[in-house]
Amino acid sequence: MKMLTCSRLSSYFSSSVRWLGKGVAVLWVIGAVSVQAQQLDQPQKQSESAQAPVKWVQAKDLPAEATEAGNTKEKPGVVSTVLNWWHSTDRPGDLQIHGFVSQAYITTSDNDVFGNSDKGGSFGLTEAGLNASLRPLPRLQLSAQVLSRRAGEGNTGMPRLDYAIFDYRLYSQEVNQFGIRVGRLKNPFGFYNETRDVAFTRPSIMLPQSIYFDRTRNLGLSSDSVQLYGDTAVSDWGTLSTQFGVTLPVVNNRDTESSLLGLVRPGELNREISYIGRGIFETNDKRLRLGISGIWLNTSYDPKKLSSPLELGPGALEFTPVIFSAQYNSERWTLTSEYAIRPFSYDRNFKSTRLDGQHFVGESYYFQGEYRFTPNWEGFLRYDALFIDRSDRDGSDWVAQNPGGRSGLGHSRFAKDIAVGIRWNVTPAFMLRAEYHHVNGTGWLSGLDNPIDLRTGRPIDTHRYWDLFAIQASYRF
């Protein structure tokens with residue numbers, strides 16, 4: 001397998017520095033223009049108010065609450081007048097409506113991410129959402145969100161129902177509470193999954209792909225579920241939050257089918273009864289968070305009665321990952337790590353030598369540090385690793401099973417990503433980001449954005465070592 005030469009490594013490093021420098025410069029220019037515009041419109045704006053953090057509810061209290069940016073005295077303008085009227089107008093049942101929009105530019109040295117990123121860059125990642133919550137009774141909350149996401153071939157931007165929640169609190173007393181949620185719910189796993197749509201709530205433009213896959217994002221993000229939840233005080237140490245649900249996974253999308261079956265097939269994946277649960281312990285001072293999440297996901301394939309070389313038999317598969325999460329918070333630092341064991345099992349009914357009876361255990365983990373230089377500037381550094389089969393970390397055994405069809409594709413079985421980035425909270429509602437990734441492996445690349453070999457179901461014309469640079473602007477209200 002081809003390795004990098006010293007000259008190539010040097011070239012990567014120098015180009016990476018140039019990319020990061022250009023990104024910071026772009027962010028500075030955009031932010032400076034924004035600040036200048038605000039100064040013209042708000043000459044008396046108080047710095048204390050500008051630095052006030054925006055409060056969003058925890059993942060367990062979806063959907064997100066309103067921001068707290070309304071205390072700043074502003075010179076009347078069309079936009080500010082409309083927003084102030086909207087936030088101050090009394091609406092029945094404590095109705096709240098909020099939204100967000102983000103636009104990113106991504107360029108890669110090789111391989112495609114969210115569009116043709118290696119051919120001059122791509123503006124292919126756009127996220128926008130509008131959510132509403134209503135509390136008609138003290139113990140009942142109704143909430144829903146419509147989401148539009150354009151992200152390469154897997155997400156075209158067509159608006160869809162992201163979640164619709166009926167949340168009834170059966171018992172509530174001080175820190176102890178117990179309730180039930182029904183509807184299309186966010187899947188509770190890890191620290192970031194439930195709020196990953198909103199750029200302000202995640203630590204980077206791209207979440208650690210070893211845990212929060214974008215290529216199977218719709219499958220992992222939400223499902224039609226019944227969930228029980230509860231918060232319980234644990235002596236004087238902290239609070240234990242638990243959730244458990246019976247779900248029907250969302251599997252009717254091309255990215256999920258391509259990832260689970262190797263290709264987009266003529267048939268379709270079926271929704272089968274699945275289960276999900278999570279527990280998170282948080283100390284009273286919010287410094288330490290420990291969590292464990294588990295998923296028992298079932299789906300089956302229903303072939304069409306067509307004569308096609310891509311057709312499979314009516315098989316079924318089972319995916320049962322377990323995720324361990326830990327986070328430590330101080331005044332300036334946040335240290336986070338998550339580790340996952342991911343067993344896959346395919347039955348013997350697919351009539352495919354590549355799928356029938358396959359059983360392997362994947363492994364994923366990342367280590368991440370975030371540092372707050374000032375209330376408005378943050379940086380992060382992360383190492384992220386993914387292995388499709390932890391007993392075959394370099395993919396050599398997988399290639400040996402079919403050397404003619406898989407030669408040179410061992411790097412599609414793993415990915416190791418070193419990422420660094422910076423965040424600028426220009427205002428409580430407007431944020432700019434830039435980040436750089438150096439990646440060894442292509443294990444989390446989307447098969448829809450990169451050409452597929454029909455014999456192997458794996459991307460061809462991909463490079464093992466590659467770089468990614470991204471900048472993003474985000475706004476919420």
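**Entry 1. Phe 114**

I began with Phe 114 and found it in the loop between strand 1 (96–108) and strand 2 (122–137); helices (H or I, at least four residues) and strands (E, at least two) are DSSP runs, numbered from the N terminus. I note that this is a predicted model, in which local features need pLDDT of at least 70 and side-chain atom pairs count only at pLDDT 80 or more, while totals for chains, interfaces and linings use all residues. Residues are numbered from 1 along each chain as its sequence is written, and side-chain values use heavy atoms, with hydrogens and water left out.

I looked up the backbone of Phe 114 and recorded a positive phi, near 55°, in a residue other than glycine. Phe 114 counts as buried because its relative accessibility is 8%; buried means under 20% relative accessible area, exposed over 50%, and partly exposed in between (1.4 Å probe, protein chains only).

**Entry 2. Ser 122**

Which backbone atoms does the side chain of Ser 122 reach? I found the backbone oxygen of Phe 114 at 3.2 Å and the backbone nitrogen of Gly 124 at 2.9 Å. Both were looked up as polar contacts (a pair of N or O atoms within 3.5 Å; within protein, one must be able to donate a hydrogen and the other to accept it, and residues adjacent in sequence count only if both atoms are side-chain atoms).

Ser 122 itself is in strand 2, and I list it as buried because its relative accessibility is 11%. Leaving aside neighbours within four places in sequence, I found Ser 122 in contact with Ala 104, Tyr 105, Ile 106, Phe 114, Gly 115, Asn 116 and Ser 117; contact means heavy atoms within 4.5 Å.

**Entry 3. Asp 449**

I next turned to Asp 449, in the loop between strand 18 (430–441) and strand 19 (452–453). Is Asp 449 buried or exposed? It counts as buried, because its relative accessibility is 13%.

A polar atom of the Asp 449 side chain lies 3.4 Å from the backbone nitrogen of Phe 114. The same residue's side chain reaches the backbone nitrogen of Glu 153 at 2.9 Å. Outside the neighbours within four places in sequence, I recorded contacts of Asp 449 with Asp 112, Val 113, Phe 114, Gly 115, Gly 152 and Glu 153.

**Entry 4. Cavities**

I searched the whole structure and noted 6 cavities of 30 Å³ or more. On a 1 Å grid over the protein atoms alone, a cavity is a set of points where a 1.4 Å probe fits but cannot get out, and lining residues have an atom within 4 Å of a point. Grid points are joined across faces, edges and corners, and a volume is the space filled by probe spheres set on the points.

The largest cavity holds about 120 Å³ of space. Its lining comprises 14 residues, with Val 113, Phe 114, Asp 214, Ser 446 and Asp 449 nearest its centre. I sorted this lining into 6 nonpolar, 3 polar and 5 charged residues; Ala, Val, Leu, Ile, Met, Phe, Trp, Tyr, Cys and Pro count as nonpolar, Asp, Glu, Lys and Arg as charged, and the others, Gly among them, as polar.

For the second largest cavity I recorded a volume of about 90 Å³. Among the residues that line it are Phe 114, Asp 214, Arg 149, Arg 196, Arg 202 and Arg 217. Its lining has 5 nonpolar, 1 polar and 6 charged residues.

**Entry 5. Helix 5**

Why is helix 5 (residues 254–261) described as largely enclosed by the rest of the structure? I counted 6 of its 8 residues as buried, so the description follows. The buried residues are Asp 255, Thr 256, Glu 257, Ser 258, Leu 260 and Leu 261.

I found that these pack against strand 4 (155–156), helix 4 (217–221), strand 9 (268–271), strand 11, strand 12 and strand 14 (333–346). Gly 262 follows helix 5 and has a positive phi, near 90°.

**Entry 6. Two further loops**

I located Glu 311 in the loop between strand 11 (288–302) and strand 12 (316–319). Glu 311 is buried, because its relative accessible area is 16%. Its C-alpha atom is separated by 6.3 Å from that of Pro 266, 45 residues apart along the chain.

Ser 235 lies in the loop between strand 7 (222–234) and strand 8 (238–249). I noted a positive phi of about 50° for Ser 235, although it is not a glycine. Ser 235 counts as exposed because its relative accessibility is 57%.

**Entry 7. Whole protein**

I closed with the totals: the protein has 7 helices and 21 strands, and buried residues make up 52% of its 477 residues.

How values were computed: 1 Å grid on protein atoms, 1.4 Å probe; cavity = no way out; pocket = protein on both sides within 12 Å on 5 of 7 lines; lining within 4 Å.
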